[in-house]
Amino acid sequence: MSTQHKDDALLEASRVRPTLPPLYKVLLLNDDFTPMEFVVDILQRFFRKDREQATRIMLQVHTHGHGVCGVYTKDVAATKVEQVLHYAKAHQHPLQCVMEEN
């Protein structure tokens, strides 16, 4: 009897699936001062986009006010936001980068 009880407990435990952590979108926000080429550089440097993808996202930022750079776990998204803000400030651009839950 005790063997069957152990088997039932193992069967129940195998049905439980771990939940994935929530994901966050990293967004660049449009402004009237940051050059488009600088935004493309940010997308290539911090988000590993090729030139074509970076240009497409930059145009999305320019025309719609914001663009999605990528979707990451909370810690990675927060790190990317901080990297972009620090880099933009170091180059004297007011570019804003935020994250929001996906």
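A polar contact is a pair of N or O atoms within 3.5 Å, where, within protein, one atom must be able to donate a hydrogen and the other to accept it. In this predicted model, that definition is a useful way into the surroundings of Asp31, whose side chain has a polar atom 2.7 Å from the backbone nitrogen of Phe33. The backbone nitrogen of Thr34 also lies 2.6 Å from a polar atom of the Asp31 side chain.

Asp31 itself sits in the loop that runs between β1 (23–29) and α2 (36–47). Although Asp31 is buried, it has no salt bridge, and Lys89, the nearest side chain of opposite charge, is 15 Å away. When residues up to four places away in sequence are not counted, Asp31 touches Pro94 and Leu95.

From this loop the reader may turn to strand β2, which spans residues 66–73 and includes Thr73. Thr73 is partly exposed, because its relative accessible area is 32%, a value that falls between the limits of 20% for buried and 50% for exposed. Apart from its neighbours within four places in sequence, Thr73 is in contact with Pro21, Pro22, Leu23 and Tyr24. Of these residues, Tyr24 is 49 residues from Thr73 along the chain, yet their C-alpha atoms are separated by 5.9 Å.

Val68 also has its place in strand β2, and with a relative accessible area of 36% it is likewise partly exposed. Together with Leu23 and Val71, Val68 makes a nonpolar surface patch of about 200 Å². Leu23 thus appears twice in this account, as a member of that patch and as a residue in contact with Thr73.

Note on methods
Residues are numbered from 1 along each chain as its sequence is written. This is a predicted model: local features need pLDDT of at least 70, side-chain atom pairs count only at pLDDT 80 or more; totals for chains, interfaces and linings use all residues. Side-chain values use heavy atoms; hydrogens and water are left out. Helices (H or I, at least four residues) and strands (E, at least two) are DSSP runs, numbered from the N terminus. Buried means under 20% relative accessible area, exposed over 50%, partly exposed in between (1.4 Å probe, protein chains only). Contact means heavy atoms within 4.5 Å. Lys and Arg count as positive and Asp and Glu as negative; His and the chain ends are not counted. A salt bridge is a side-chain nitrogen of Lys or Arg within 4 Å of a carboxyl oxygen of Asp or Glu. Patches are made of residues with over 30% relative accessible area and no salt bridge: like charges are joined within 9 Å, nonpolar side chains (Val, Leu, Ile, Met, Phe, Trp, Tyr) within 5 Å. Accessible areas come from the Shrake-Rupley method with a 1.4 Å probe; for residues, only the protein chains shown count as cover.
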